[in-house]
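Q: Please take a close look at one part of this model, namely its charged side chains and the way they pair. I would like to know which partners meet, where they sit and how buried or exposed they are.

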Amino acid sequence: MFDQGLILTAQAIRRQLAAMPHELYLVRLIHQPTQRPFPGERLWTAQQLLHLATIRFLRARNREGCDIYVQPYSQDRNAGYILVDLDRAAPTVLAAMSAQGHEPCVVLQTSPGHLQAWVHVSHTPLPPALASALGRQFAFLYGGDPASTDWRHLGRLAGFTNQKPQRRFRNGYAPWVKVVATRAGLARRANDLLSAAEQATSPTRQRPQDDVRPEPSLSLSASGIAASQATAIYQAWMRRWRIAERFTPPDWSIVDLWVARALLAQAMPPDQVQDILRLASPQFPRRHTHPEDYLRRTLARAFAFPAPGGGMCASAHATPAAAPHTRDCSNSTGGR
């Protein structure tokens with residue numbers, strides 16, 4: 001007997017796996033009412049996972065209340081795919097990711113208004129710390145769920161229903177997990193992403209604030225940075241680059257970008273970098289009509305093009321007074 005539902009589920013699975021190819025996939029079933037995993041974790045090849053008997057088994061468990069999750073499997077390492085859980089993403093988030101060269105290979109709608117994206121960043125497995133750092137960066141840049149950034153976090157498998165009670169429609173039906181877009185291959189800025197994350201996770205990196213003695217202050221930002229400490233850090237980089245002596249007047253948007261690159265390269269968390277710019281950039285917010293959007297775009301640019309070494313991306317020929325905000329330092333792409 002022809003089973004249209006079975007065929008549609010098979011088509012959705014095939015489309016998702018084709019855009020995130022791997023030798024093995026870990027599949028986990030979680031019973032939504034009890035939050036208990038279905039006994040056993042299954043490792044299947046794409047061919048096995050697409051077998052109609054396998055799909056019938058998963059559809060039966062889904063009808064019983066199990067959510068179906070999947071992850072490309074590489075033992076104790078990440079397989080090179082980073083999950084970004086865009087639980088309440090802005091409508092323009094996918095365009096923003098594409099503009100920064102962080103294109104997802106798979107985008108799923110897990111329920112109306114809720115997305116999950118997989119970004120392919122490496123053909124070889126990644127250490128857990130590196131993959132988790134990438135997950136945190138993506139969550140920060142694009143408003144993802146910070147609780148879903150660990151290196152082995154699983155995403156949903158397309159073609160099944162989302163069994164969360166809060167996601168059900170008014171008529172009681174559960175929404176289907178649908179494929180929104182696919183694009184096989186690495187993100188365009190994959191090498192830059194890896195380079196920045198490797199610098200951020202390096203245990204030998206000296207943080208820039210190590211050579212700054214911040215003044216005590218009871219006024220702390222959300223990330224725990226005091227205004228006086230932020231000013232000390234920002235001005236320390238200005239002195240190191242001799243900004244005041246070399247550029248009159250400086251373009252502070254360019255200096256902000258350089259500082260952000262340097263701090264991210266020194267393993268400072270993105271929320272602290274953002275607070276330093278907010279608290280210490282001269283006359284901030286200046287003429288920016290949307291200061292928070294400006295800060296987010298500046299960090300996105302800094303993360304895409306990290307500073308090498310100690311963050312010294314200002315060349316003798318680059319002038320903040322004349323350079324556009326999107327100027328790239330000639331040796332700061334991080335590509336390998």
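A: What follows goes through the charged side chains pair by pair and then turns to one that has no partner.

The model is predicted, so local features need pLDDT of at least 70 and side-chain atom pairs 80 or more, while totals for chains, interfaces and linings use all residues. Numbering starts from 1 along each chain, and side-chain values use heavy atoms, without hydrogens and water.

Side chains of opposite charge can pair when their charged atoms come close. The count of salt bridges (a side-chain nitrogen of Lys or Arg within 4 Å of a carboxyl oxygen of Asp or Glu) comes to 8 in this model, and three of the pairs are worth following one after another.

In the pair of aspartate 192 and arginine 189, the closest N and O atoms are 3.5 Å apart. The two partners can be described by their relative accessible area (buried under 20%, exposed over 50%, partly exposed in between, with a 1.4 Å probe and protein chains only). Aspartate 192 has a value of 5%, so this side of the pair is buried, whereas arginine 189, with 27%, is partly exposed.

The salt bridge between aspartate 256 and arginine 286 has its closest N and O atoms 2.8 Å apart. This pair links distant parts of the chain, since the two residues are 30 residues apart. Aspartate 256 belongs to helix α9, which covers residues 252-265 (helices are DSSP runs of H or I with at least four residues, numbered from the N terminus). Arginine 286, on the other hand, is in the loop that lies between α10 (270-280) and α11 (291-304). Here too the partners can be compared by their surroundings: aspartate 256 is buried, with a relative accessible area of 0%, while arginine 286 counts as partly exposed at 25%.

The side chains of glutamate 292 and arginine 278 also meet in a salt bridge, with a distance of 2.7 Å from N to O. Glutamate 292 lies in helix α11 and arginine 278 in helix α10, so this salt bridge ties together parts that are 14 residues apart in sequence. Glutamate 292 is partly exposed, with 41% relative accessibility, and arginine 278 is partly exposed as well, with 27%. This pair does not stand alone, for salt bridges that share partners join Asp275, Arg278 and Glu292 into one network.

Arginine 59 gives a contrasting case. This residue is found in helix α3, which spans residues 52-63. Arginine 59 is buried, yet has no salt bridge. The nearest side chain of opposite charge (Lys and Arg count as positive, Asp and Glu as negative, His and the chain ends are not counted) belongs to aspartate 3, 4.2 Å away, and a salt bridge would need the nitrogen and oxygen atoms to be within 4 Å. Which residues, then, does arginine 59 touch? When residues up to four places away in sequence are not counted, arginine 59 is in contact (heavy atoms within 4.5 Å) with Asp3, Gly5, Leu6, Thr9, Phe160 and Trp176. Aspartate 3 is thus both the nearest side chain of opposite charge and one of the residues that arginine 59 touches, although arginine 59 has no salt bridge.
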